[in-house]
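Reader: Hello! Please pick a single part of this molecule and walk me through it closely, then place it in the whole chain for me.

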Amino acid sequence: MSASARDRIEVVVGDITRESTDAIVNAANNELGPGGGVAGAIQRAAGPRLLEACEPLGGCETGDAKATEGFDLPARWVIHTVGPVWHGGDADEESLLASCYRRSLEVAVEIGAASVSFPAISTGIFGFPPNRAAPIAVGTVAEVLHETDAIETVRFVCFDEDSAALHRDALDKLA
Ligand code: ADP
């Protein structure tokens, strides 16, 4: 892994709705409908136009990502991705989670977003063990950054210090 990919990754504790990166990523559901957790927070902060903009998108497959505007958010774009529900680890959860990070960054490149903030996808309501999710999140993002210069910065915006520590640890362990 090139040092430059690692140098473009930041880990912070915070509320992703306050991020002023070009895009923030939403941990959405397959319907791209009303949600709780980080999705609910993003929907409240973006205002009602966010769900209206999601309606014509026809939902989103697990592991895929689709963009809308950010409306009342500081971020210009919201990239909606659907993480896997944890079923014990034998249901392709790890590769689906990696796909969320990869597809979100591919969509970011398509819309011209050079800075992207991620929450810890699937680690809340969807039950993915946070200690298993963090190395997948950080490793996949580093891989994509190694492949493209179009993304300048990726921020992992963790809701608590425990989550941030897991992401920092994964970042330190990148080869
Ligand atoms: P999922 O359904 O994908 O598990 P959740 O929203 O339940 O999504 O949780 C994903 C992660 O987002 C959890 O670690 C949760 O603590 C965190 N989270 C919740 N609200 C916010 C927020 N406003 N900003 C950043 N992270 C958040």
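Author:

**A close look at S115 and the helix beside its strand**

S115 is buried, because its relative accessible area is 15% (buried means under 20%, exposed over 50% and partly exposed in between, with a 1.4 Å probe and protein chains only). Before going further, please note that this is a predicted model, in which local features need pLDDT of at least 70, side-chain atom pairs count only at pLDDT 80 or more, and totals for chains, interfaces and linings use all residues. Residues are numbered from 1 along each chain as its sequence is written, and side-chain values use heavy atoms, with hydrogens and water left out.

S115 sits in strand β5 (helices, H or I of at least four residues, and strands, E of at least two, are DSSP runs numbered from the N terminus). Its side chain comes to 2.9 Å from the backbone nitrogen of D22, a polar contact (a pair of N or O atoms within 3.5 Å; within protein, one must be able to donate a hydrogen and the other to accept it, and residues adjacent in sequence count only if both atoms are side-chain atoms). Setting aside residues up to four places away in sequence, S115 touches T21, D22, A23 and T153 (contact means heavy atoms within 4.5 Å).

Strand β5 also leads us to helix α4, since β5 (115-118) is among the elements covering the buried residues of that helix; β2 (23-27), β3 (65-69), β4 (77-81), α5 (130-147) and β6 (153-158) are included too. Those buried residues are E93, L97, C100, Y101, S104, L105, V107 and A108. They lie on the same side of α4, because they cover an arc of only 160 degrees around the axis (the arc being that of the directions from the helix axis to the C-beta atoms). The length of α4 fits as well: its 19 residues, at 1.5 Å a residue, should span 27 Å, and its end C-alpha atoms are 27 Å apart, which agrees (the expected span is 1.5 Å times one less than the number of residues).

E94 belongs to this helix, which runs over residues 93-111, and counts as partly exposed because its relative accessibility is 33%. Beyond its neighbours within four places in sequence, E94 is in contact with F128, R132 and I136.

Both flanks of α4 have a positive phi. D92 lies in the loop between β4 and α4, and its phi is near 70 degrees, although D92 is a residue other than glycine. After the helix comes G112, with a positive phi near 85 degrees. Further along, in the loop between β5 and α5, S122 also has a positive phi in a residue other than glycine, near 75 degrees. S122 is buried, because its relative accessible area is 5%, whereas D92 is partly exposed, because its relative accessibility is 49%.

Now for the whole chain. There are six helices and six strands, in the order α-β-β-α-α-β-β-α-β-α-β-α. The radius of gyration is 15 Å, close to the 16 Å of the globule rule for 175 residues, so the chain is as compact as a globular protein of that length (the radius is taken over C-alpha atoms, and the rule is 2.2 Å times the number of residues to the power 0.38). Of the 175 residues, 48% count as buried.
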